[in-house]
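Here are some exercises to work through with the model open in your viewer. Try each task yourself before reading the solution below it.

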Amino acid sequence: MRFSISQLKQFARCPYSYYLKYKEGIKIGGNINLVVGRAIHKGFEMAIKSIKTTGSFAQKDIEEVVNAEFDLLIEQGEHGDASEEQIEEGKERLKIGLEAFKIYNFPKQRDIIAVEEKFVSPDFIDGNEIVGYPDLITTDAVIDFKTKFRTPSEVDRGDFFQVGYYATLGDSDKAVLVYVILLKKGVKIIEREFVGKELEQAKTLARQTLQIFDTAIKEAEVNGVWIPSGFATGVCSWCEYGKQGLCEFGCGGKIKI
Ligand code: SF4
C-alpha cells in the first residue's frame with residue numbers, strides 16, 4: 001500500500017475521520033485559521049527557496065507572497081463559513097505573522113539541502129510506501145514548520161509520528177518542529193528539537209505506528225468498522241467533522257446531557 005503522511009496523521013487522530021475523509025470522500029470546509037496558517041507556511045517555503053538559490057530573501061517579497069496566498073485561499077472559499085469580521089481578524093493575525101520572517105533564524109544557504117521536496121520511502125515496513133514532503137532538510141536536521149494560535153502544551157501525537165518518519169529520510173541526527181505561534185499581542189517562535197534517545201523513540205514510534213495502521217486499515221477495509229476514537233482522546237473538540245455535524249459520533253466539544 002502507499003500512504004501519505006497526511007493520511008497516517010488523520011488515522012492517528014481518529015480512524016473514523018480517516019474513513020470520512022478518504023473512504024467517503026467527505027470534504028470539510030476550511031476555516032480562517034487554516035487560511036492564515038497556509039499563507040504563513042507559503043511564506044516560509046518561499047523565503048527558504050530564495051535563500052537556497054540566492055543566499056537571501058527580501059521581507060517585502062515575502063509579504064507580497066503571503067498576502068497573495070491569503071487572498072487566493074479566501075477567493076477559493078478555504079475560509080469555510082468565516083464571517084467578514086473573522087476574515088478581518090485573520091488579516092490582523094497575518095500581519096502579526098509576518099514578523100516571524102524578521103525574527104526566525106533561517107539556515108544558511110550552504111546548509112540547505114531540500115525544501116518541500118517529495119520523498120517516497122519504499123518498503124518502509126512490510127512493503128508499504130510512504131509519501132511525504134518535509135518542509136526543510138539541512139545538513140544537520142529535518143525541519144517542519146507548524147503555525148499555531150496558542151502555545152502548545154505538548155507535542156501532538158501526529159506531529160511526533162511525522163518527526164520520527166521524516167528523521168528516517170537521509171538518516172538525520174536531529175529533527176526540529178518550528179512552532180510559529182500567532183498570538184494577539186505578537187508572534188512567538190519555539191523550536192522543539194528531537195535528538196538522541198528521543199529521536200530514536202520517534203523513529204521507533206513511526207515504524208510501530210505504521211505497522212499498527214497497516215493492519216488496522218486492512219482490517220477496517222474488510223470488516224467495515226472504523227473506530228471513532230476522537231471522543232476518548234479529546235480530538236472531537238476541534239475536529240471539523242464533529243463541529244460541522246458530519247460525524248454521527250463526534251460531539252463537537254459539547255457533551256450533550
Ligand atoms: S468528531 Fe470525533 S469521532 Fe467524529 S470523526 Fe471527528 S474526531 Fe472522530
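**Exercise 1. The ligand shell**

Task: Find which residues come nearest to the ligand, and work out which elements supply the shell around it.

Solution. Bear in mind that this is a predicted model.
- Step 1: Collect the residues whose C-beta atom, placed from the backbone, lies within 6 Å of the ligand. There are 15 residues around the ligand, and Gly230, Cys239, Gly242, Cys247 and Gly250 come nearest.
- Step 2: Look for elements that give two or more residues to this shell; these are α2 (15-23), α9 (230-233) and α10 (240-243).
- Step 3: Rank the contributions. Helix α2 gives the most, with three residues.
- Step 4: Sort the shell by class. You should get eleven nonpolar and four polar residues, and no charged ones.

**Exercise 2. The sheet**

Task: Write down the strand order of the open sheet and identify its edge strands.

Solution.
- Step 1: Follow the pairing across the sheet. Five strands appear in the order β2-β5-β6-β7-β8, with mixed pairing.
- Step 2: Pick out the strands that pair on one side only: β2 (112-115) and β8 (186-195) are the edges.
- Step 3: Check the twist, which averages 20° from one strand to the next.
- Step 4: Zoom in on β5 (residues 136-138) and β6 (residues 142-148). They run antiparallel and are joined by two bridges, and Ile137 faces Val142 of β6 across the pair.
- Step 5: Move on to β7 and β8, an antiparallel pair with ten bridges. Here Ile181 stands opposite Lys188 in β8, and a hairpin of two residues links β7 to β8.

**Exercise 3. Helices on the sheet**

Task: Determine which strands helices α5 and α7 touch or cross, and at what angles they run.

Solution.
- Step 1: Start with α5 (residues 84-98). This helix lies across β7 (174-183) and β8, and its direction is at about 130° to β7.
- Step 2: Turn to α7 (residues 157-167), which packs on the sheet and touches β6, β7 and β8. Its direction makes about 160° with that of β6.

**Exercise 4. A helix pair**

Task: Describe how α3 and α4 pack, giving the angle, the distance between axes and the handedness.

Solution.
- Step 1: Compare the axes of α3 (residues 32-54) and α4 (residues 59-75): the angle is about 145°, and the axes are 8 Å apart.
- Step 2: Assign the handedness; the crossing of α3 and α4 is right-handed.
- Step 3: List the partners. On the α3 side they include Val35, Ile40 and Met46, while the α4 side includes Ile62, Phe70 and Leu73.
- Step 4: Classify the contact residues of α3 with α4, which divide into eleven nonpolar, one polar and three charged.

**Exercise 5. Two domains**

Task: Locate the two domains and characterise the side of domain 1 that touches domain 2.

Solution.
- Step 1: Mark the bounds, with domain 1 at 25-106 and domain 2 at 111-212.
- Step 2: Take the centres over C-alpha atoms; those of domain 1 and domain 2 are separated by 21 Å.
- Step 3: Count the contact residues: 18 residues come from domain 1 and twelve residues from domain 2.
- Step 4: Trace the side of domain 1 back to its elements. Helices α3, α5 and α6 (100-103) each supply at least two residues, and α3 gives the most, with eleven residues.
- Step 5: Finish with the classes on this side of domain 1, namely nine nonpolar, four polar and five charged residues.

How values were computed: Residues are numbered from 1 along each chain as its sequence is written. This is a predicted model: local features need pLDDT of at least 70, side-chain atom pairs count only at pLDDT 80 or more; totals for chains, interfaces and linings use all residues. Two strands pair if DSSP finds at least two bridges between them. Helices (H or I, at least four residues) and strands (E, at least two) are DSSP runs, numbered from the N terminus. Axes are lines fitted to C-alpha atoms, for helices over the stretch in contact, and angles run from 0 to 180 degrees between N-to-C directions. Two residues are in contact if their C-beta atoms, placed from the backbone, lie within 7 Å. A crossing is left-handed if the near helix is turned anticlockwise from the far one by less than a right angle, and right-handed if clockwise. Ala, Val, Leu, Ile, Met, Phe, Trp, Tyr, Cys and Pro count as nonpolar, Asp, Glu, Lys and Arg as charged, and the others, Gly among them, as polar. Domain bounds come from an automatic or database domain assignment.
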